[in-house]
Amino acid sequence: MNTNTFIIRPGQMSLSDLRAIWRTALPLALDASAYEAINASSATIQSIVKKGDAAYGINTGFGKLAKTRIPDEQLELLQKNLILSHSVGSGELIADDVVRLILLMKIASLARGYSGIRASVIDSMIALYNAGIMPAIPVKGSVGASGDLAPLSHMTLALMGEGDVRVNGQLVSAKQALEKAGITPVVLAAKEGLALINGTQVSTALALNGLFLAERLLEAATITGALSVDAAKGSDAPFDARIHAVRGQPGQIATASIYRELLSGSEIRRSHLVNDERVQDPYCLRCQPQVMGACLDIINNAARTLLIEANAVTDNPLVFLDTGEVISGGNFHAEPVAFAADTLALAIAEIGSISERRIALLIDASLSGLPPFLVPNSGLNSGFMIAHVTAAALASENKSHAHPASVDTIPTSANQEDHVSMATYAGRRLHEMAHNTATIVGIELLAAAQGVDFHQPLETSASLATVHHALRRKVAFYDKDRFFAPDIAAAKQMVLDGELSAQCQHLYTHLYLS
C-alpha cells in the first residue's frame, strides 16, 4: 500500500485529515475493522427483503410514494430508477477538490454500518476515487433536505457507469472511464441507491471548502493588515496584550498576539514612537484584533459543526444492528451545515470589508500621509484609484451574498418535505465570496507594500519584510500606470495559495481546530 495512503477510520476523521484530502488527491483505503459492521448492516437489509415486510426505501417507493409496495423482482430496477430520476442537477460542475471531500465523507458515512449497503459498493467508490475518476456533479439542484439528492445522484451515476466523469480535468463518459480503470459498474441492491443519495455530504463539502478558504483569508488579511499599519505609520499600541486580556474574547487575544509579532522590530514604527500628531488610528487599523478575532471565533465554531457532520451518518432510513431495526428519521436535514455556512459567510464578508477600508485609507493622502493614490506623479498617473473601486465593488457584492440562506425554505415532494435547509446554496456561495475577498486582500497587499516602499530606507519588521519580498518577486513597485489586472491576479493567488502565511507559518500553527 502507498505509504501516503489515507486510512479511513469511520467516525474518526479530523479537520487535518479533511484539509489534506482537499489539498491533495491522497489514495484512500478503508480500515479493515469497518467491514464487520458494514456486512452485518447489509445482511439485515437482505433479511428484511426475504421476510417481505414493507420497509421504507427498501421495498417501497420514496418520499410521497412511500406507501407504494414494490415487488422483490423489481427492487434493483427501483434503485436504478431512483438514481436516474434524481439526477437533475444544473449549473457548473463541482471542482475536483470538493468532489474528493464528497466521496471521502460518503464512504466514511456508509462504512459506519448504519446504512445497509454492501461492502462491494463501498469498495467500488474507493476504487473510483483512487483511479482519479471524479463524478461530474452539477453544483445546483439541492435544497439541503432530504439530503443532497440531485448532486449525490450524479455521484452515484458514475458508480453505475452512467453519465460523465472528469479524469485529469477532462470530461469523459463514466462507462469509458470505468472500463479503462478496470472497475465493474455497480448494480444497486435494495436500499443502496437511497443510502448513496440521502445525506449532507455535498452541502458539507462545499461548506468545508469555504471554511478552508476562510482560514487562508484570515491569515492573509492579518498579514496585510499589519503591513497596512506600517504603511500608514499607524500605532501598535492597540495590540497591547492587556487590552485584549480584560475583554477575554479568545479569538481577539490570539489575533492581537499575531499583530504584535508581525510588527515587532519595525523601523517604520520606531520612527514615529514619539511626537506623532495622531492620537488614535481609524478603526480599520486600530480594531483589527476585535474584528479579525471575532471572525476567527466564528470560523472555529463553524469548523466544530462541520467536523461533526463530516463524521456523521446522515442517510435514511438507518439500520441499528443491536435490535435489527430499520428506523426512518431525518438526519438528512442539513440545518447545522446551513447555519455553519451562514456564519462563515459573515466572516468572509467582514474580512473583505475591513480590508477594503484599509485600502481606502492608504490611497487617501490626507489620512495616510502617502502620495495620493500611492503613485509618484499622481494626476498623470491614477495609481490605485480604480483598484480600490474594484475592492469596493467586491466588498459590496459580498454583503448581498452574506444574507443567510438558512432562513429560507421552500416545500418539495408534494409537501412531504415541507421544510428544507438551503444548506447546499449556503455552502456553494462561500467559494465566490472567498474569491471576492481574496481579490480585496490581494489589492490591499499591493497597496500596503507600495506604502512601505515609500518609507525607504526605513524597513518594516523582519516578518513583514519576508512577505514584502515574496510579493516583489512577482510584482514590481508601481512607479507609473501600467496594465494593473495581472498584478492583482498574482497577489490574489498568493492569498488563495496560503503563500503569505507560509512566510510566517509559526504564527498560525495553533489558531484553528485540527
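Here are some worked exercises on a predicted model.

**Exercise 1. Two helices side by side**

Task: Find out which way α9 and α18 run relative to each other.

Solution:
- Start by finding the two helices: α9 covers residues 201–231, and α18 covers residues 423–454.
- Next, look at the axes of α9 and α18, which come within 8 Å and cross at roughly 15 degrees.
- Angles under 35 degrees count as roughly parallel, and α9 and α18 are therefore roughly parallel to each other.
- As for handedness, the crossing of α9 past α18 is left-handed.
- The contact of α9 with α18 can also be sorted by class: it has 18 nonpolar, 11 polar and three charged residues.

**Exercise 2. Another partner for α18**

Task: Work out how α17 is oriented relative to α18.

Solution:
- Locate helix α17 at residues 385–401.
- The axes of α17 and α18 come within 9 Å, and they cross at roughly 160 degrees.
- An angle over 145 degrees counts as roughly antiparallel, so α17 is roughly antiparallel to α18.
- Here, too, we can give a handedness: α17 passes α18 in a left-handed crossing.

**Exercise 3. Backbone angles between α17 and α18**

Task: In the loop between α17 and α18, examine phi and accessibility for Ser413 and for Ala414.

Solution:
- Begin with a rule of thumb: most residues other than glycine have a negative phi.
- Ser413, found in the loop between α17 and α18, is not a glycine, yet its phi is positive, at about 55 degrees.
- Ala414 lies in the loop between α17 and α18, and its phi is near 55 degrees, again a positive value in a residue other than glycine.
- Now turn to accessibility. Ser413 has 27% relative accessibility, so Ser413 counts as partly exposed.
- Ala414 has a relative accessible area of 55%, and exposed means over 50%, so Ala414 is exposed.

**Exercise 4. Cis peptide bonds**

Task: Describe the peptide bond between Ala145 and Ser146 and the one between Gln456 and Pro457, and place each in the chain.

Solution:
- Keep in mind that most peptide bonds are trans.
- Ala145 and Ser146 are joined by a cis peptide bond, with omega about 10 degrees.
- To place this bond, note that Ser146 sits in the loop between β5 (138–140) and α6 (149–159).
- Gln456 and Pro457 are also joined by a cis peptide bond, with omega about 15 degrees.
- Pro457 is in the loop between α18 and α19 (462–472).

**Exercise 5. A cavity and its lining**

Task: How many cavities of 30 Å³ or more does the structure hold, and which residues line the largest cavity?

Solution:
- The structure holds one cavity of 30 Å³ or more.
- About 30 Å³ of space lies in the largest cavity.
- Its lining residues include Phe384, Leu446, Gln450 and Arg472.
- Also in the lining of the largest cavity are Val475, Ala476, Tyr478, Arg482, Phe484 and Asp487.
- Sorting this lining by class gives six nonpolar, one polar and three charged residues.

**Exercise 6. Placing a proline**

Task: Where does Pro282 lie, and how far apart are Pro282 and Pro404?

Solution:
- Pro282 is in the loop between α12 (267–270) and α13 (283–286).
- With 34% relative accessibility, Pro282 counts as partly exposed.
- Along the sequence, Pro282 and Pro404 are 122 residues apart.
- In space, Pro282 and Pro404 are 29 Å apart, C-alpha to C-alpha.

Key. Residues numbered from 1 in each chain as written. Predicted model: local features only at pLDDT ≥ 70, side-chain atom pairs only at ≥ 80, totals over all residues. Heavy atoms only, no water. 1 Å grid on protein atoms, 1.4 Å probe; cavity = no way out; pocket = protein on both sides within 12 Å on 5 of 7 lines; lining within 4 Å. Points joined across faces, edges and corners; volume = space filled by probe spheres on them. Nonpolar A, V, L, I, M, F, W, Y, C, P; charged D, E, K, R; others polar. Axes fitted to C-alpha atoms, helices over the stretch in contact; angles between N-to-C directions. Helix = DSSP H or I, 4+ residues; strand = E, 2+ residues; numbered from the N terminus. Parallel < 35°, antiparallel > 145°, perpendicular 65-115°, else oblique. Left-handed = near helix turned anticlockwise from the far one by under 90°. Buried < 20%, exposed > 50% of the residue type's maximum accessible area, 1.4 Å probe, protein only.
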